[in-house]
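Please look through the sequence and the model below before reading on. The report that follows takes up two loop positions, a sheet and the helices that go with it.

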Amino acid sequence: MIKYETQTLANGLQVIVHEDKSTNIAVVNVAYKVGSRDEQEEHTGFAHLFEHLMFGGSLNIPSYDEPLQKAGGENNAYTTPDLTNYYLTVPANNIESGLWLESDRMLSLSFDPKVLEVQRKVVIEEFNQRYINQPYGDIWHKIREMVYKVHPYKWPTIGKDISHIENVTMDLVKAFFKKYYVPNNAVLVIAGNIDTAKAFSLAEKWFGPIPRGEEIVRSIPVEPQQTERRILEVHEDVPANAYYKAFNMGGRISENYYATDLLSDVLGRGKSSRLNEQLVEKDKIFSEISAYVMGSFDPGLLVVSGKLINGNNFEQAEKGVSEVIDKILNSAPSSEELEKVKNQAISSLVFGEVQVLNRAMNLAYFALLGDANLANAEDENLQAVETQDILDQAQKLLVENNSSTLYYHANEN
């Protein structure tokens, strides 16, 4: 249970304070509800670009890292299709340094053309290294384009095409910042060794004067229900054949999310999962295979993915995966099997909450979903899943007309 208190400032910024006197550090976590799903198809990669730009100096602070390092702090950030999260840790007595840094860049970036050019080059290099020149680097570009036809999940956070970043203008950057990097589109979490009342007072001091932004009206298109099987075959110079099969599922706060999550664990979490025991250990078709859910805000994906052992083909892979799925379609998992995956999931939750930083990020994440207390309901939601719920979700989701399969062929030398 993560104990916290929350208030909303006059400018719309939600502030959450999680007091933990057992640690010597304090966390400042600022999450903005903006990700690649908020982009336009002709201007993609902006949310990820901003993750970089936000470290390039702000209105009153030319260098972000230097004063943070002097305060003994560390920082990082990440971007997803649904949000962008910035976090730092400092010794608890230096908490104001962290709040000063985060509030100034929420107030305004420096919009220095030199910073834009530097970060543009960084992102282009990242695109080339991780997505173009890396084996299997384009897999999620291809899967997303195959699965999503109208929803902006059809491109990854790095962007649909690198030309969108190459051609970005300062006017587009300023417009994106003005729209999304505003207090009423953000959640501030202050966590660690700090008095709750003092934390709220400091939040008001540093963030209260920042002007509220215009209300954001999202019109994200709803993906139509898939009605036919989709298959894509690709041939590239990669070490081994790779197999990906994606099934459409509900979003992160959908009623059946936890049942679907545990279904994926039964199928492919760990060495004792059904896919691994049958297709890796017994039949030796795959060298590795797993199943997982994407956990996206909007309706997302349950994915089965694996690498084939050299000499095996996709016909064998498809037959093997289908046989494992057919078994779970015809009978619910045993209560012992369900208990096993529940214990695995709950252990991961407990282990993840050991660090105060992870607790802060969880509170911010669920606050953006609409209710920070959902972070405390995960254990209960997992425990509530029954074997029949797993069977129901399997029969609803694990059907060929709801699937998109990528056969990623390794070229023969």
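## A serine in a loop

Serine 58 is placed in the loop that runs between helix H1 (46-53) and helix H2 (65-70). The model is a predicted one, and in it serine 58 counts as buried, since its relative accessibility is 6% and the cut-off for buried is under 20%.

Once neighbours within four places in sequence are set aside, the residues in contact with serine 58 are Asp104, Arg105, Ser108, Leu109 and Ser110. With one of these, aspartate 104, there is a polar contact from side chain to side chain, at 2.6 Å.

## The sheet and its strand order

The model has an open sheet of six strands, in which the order is S1-S2-S6-S3-S5-S4 and the pairing is mixed. Strand S1 (5-8) and strand S4 (74-79) are the edge strands, each of them pairing on one side only. Averaged over the sheet and with direction ignored, neighbouring strands are turned by 15 degrees against each other.

Strands of a sheet pair through backbone hydrogen bonds, and they may do so in a parallel or an antiparallel manner. Strand S6 (residues 186-192) takes part in both kinds of pairing: with strand S2 (residues 14-19) it runs parallel, joined by six bridges, whereas with strand S3 (residues 25-32) the sense is antiparallel and there are seven bridges. On the S2 side, valine 17 has isoleucine 190 of S6 as its bridge partner. On the S3 side, valine 27 stands opposite alanine 191, and tyrosine 32 has alanine 186 as its bridge partner.

## How strand S6 is covered

Is strand S6 mostly covered or mostly open? It is mostly covered, with seven of its seven residues buried. In a regular strand the side chains alternate between the two faces of the sheet. For S6, one side carries Ala186, Leu188, Ile190 and Gly192, the other carries Val187, Val189 and Ala191, and all of these residues are buried, so that both faces are covered.

Two helices lie across strands that include S6. Helix H8 (residues 196-207) lies across S1, S2 and S6, and runs at about 150 degrees to S2. Helix H13 lies across S2, S3, S4, strand S5 (84-91) and S6, and runs at about 25 degrees to S3.

## Helix H3 against helix H8

Helix H8 also packs with helix H3 (residues 95-107), the two being set at an angle of about 35 degrees with their axes 9 Å apart, and the crossing of H3 past H8 is right-handed. The residues that meet are Ile95, Glu96, Leu99, Trp100, Glu102, Ser103 and Met106 from H3 and, from H8, Leu202, Lys205, Trp206 and Phe207. Sorted by class, this contact holds seven nonpolar residues, one polar residue and three charged residues.

## An aspartate between two helices

Aspartate 371 lies in the loop between helix H13 (356-369) and helix H14 (374-383), and thus after the helix described above as lying across S2, S3, S4, S5 and S6. The relative accessible area of aspartate 371 is 37%, and this residue is therefore partly exposed, because the value falls between the limits of 20% and 50%.

Residues up to four places away in sequence not being counted, aspartate 371 touches Tyr4 and Phe366. In addition, a polar atom of the aspartate 371 side chain lies 3.0 Å from the backbone nitrogen of asparagine 373.

Technical notes: Residues are numbered from 1 along each chain as its sequence is written. This is a predicted model: local features need pLDDT of at least 70, side-chain atom pairs count only at pLDDT 80 or more; totals for chains, interfaces and linings use all residues. Side-chain values use heavy atoms; hydrogens and water are left out. Helices (H or I, at least four residues) and strands (E, at least two) are DSSP runs, numbered from the N terminus. Buried means under 20% relative accessible area, exposed over 50%, partly exposed in between (1.4 Å probe, protein chains only). Contact means heavy atoms within 4.5 Å. A polar contact is a pair of N or O atoms within 3.5 Å; within protein, one must be able to donate a hydrogen and the other to accept it, and residues adjacent in sequence count only if both atoms are side-chain atoms. Two strands pair if DSSP finds at least two bridges between them. Axes are lines fitted to C-alpha atoms, for helices over the stretch in contact, and angles run from 0 to 180 degrees between N-to-C directions. A crossing is left-handed if the near helix is turned anticlockwise from the far one by less than a right angle, and right-handed if clockwise. Ala, Val, Leu, Ile, Met, Phe, Trp, Tyr, Cys and Pro count as nonpolar, Asp, Glu, Lys and Arg as charged, and the others, Gly among them, as polar.
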